[in-house]
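Got your viewer open? Load the model below, colour it by confidence, and follow along stop by stop.

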Amino acid sequence: MARSDKNYEKSIRAFLGEGTEFKGVISFEGTVRVDGVLEGEVVTEDTFIIGAAARITANIQAGTVIVMGEVEGKIEAKEKCEIRAGSHVKGEVYTPSIYIEEGAVFEGACHMTGNDAQIEGQLPPAAETA
């Protein structure tokens with residue numbers, strides 16, 4: 001695993017292990033990891049880790065989403081979305097930064113979000129032609 005994975009694992013505030021099933025809305029602060037079955041909705045400004053054994057059917061709104069298992073639904077990651085080798089994502093992803101490792105499966109659409117107006121304001125004006 002990458003060095004950043006260890007940092008996330010040290011700060012995990014909640015963990016739903018293999019064999020756990022949850023249906024409903026989960027809202028939290030800090031980092032949460034799921035290795036079980038989750039159906040519903042996930043809402044956080046922080047990090048949501050989907051473990052290798054996880055099967056998630058949900059709409060996910062998070063700061064950072066790290067996928068190592070199976071996800072079906074919409075992912076909205078305000079900071080970044082990482083889709084790791086061996087994972088399977090089916091649905092739409094909205095994020096300003098996406099990382100998909102070789103060996104991952106992504107079926108769906110990716111929408112690279114960001115503040116277009118701010119980006120346009122930073123670009124120099126087009127050169128005038130004579």
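Begin with the colours: the chain averages a pLDDT of 82, with 75% of its residues at 70 or more (pLDDT is the predictor's confidence in each residue, from 0 to 100). Now select residues 116-130, where pLDDT is below 50 and the model has zero contacts beyond near neighbours in sequence (contact means heavy atoms within 4.5 Å). Where pLDDT is low, don't read the predicted coordinates in detail.

A word on ground rules. This is a predicted model, so local features need pLDDT of at least 70 and side-chain atom pairs count only at 80 or more, while totals for chains, interfaces and linings use all residues. Residues are numbered from 1 along each chain as its sequence is written, and side-chain values use heavy atoms, leaving out hydrogens and water.

Next, pick strand β7, residues 70-83 (strands are DSSP runs of E, at least two residues, numbered from the N terminus; two of them pair if DSSP finds at least two bridges between them). Its parallel partners include:

- β6 (residues 55-67), joined by 10 bridges; find A62 opposite A77.
- β8 (residues 88-95), with seven bridges; here K74 faces E92.
- β9 (residues 98-100), with three bridges; look for I83 opposite I100.

Last stop: how many aromatic pairs does a search of the whole structure find? Just one. Show F28 and F48: their rings are tilted, 6.2 Å centre to centre with 45 degrees between the planes (Phe, Tyr and Trp rings, the six-membered one for Trp, pair with centres within 6.5 Å; under 30 degrees is stacked, over 60 edge-to-face, the rest tilted). F28 sits in the loop between β2 (21-27) and β3 (31-34), and F48 in strand β5 (residues 47-50), 20 residues apart. Both F28 and F48 are buried, meaning under 20% relative accessible area (1.4 Å probe, protein chains only).

Conventions: Helices (H or I, at least four residues) and strands (E, at least two) are DSSP runs, numbered from the N terminus. Buried means under 20% relative accessible area, exposed over 50%, partly exposed in between (1.4 Å probe, protein chains only).
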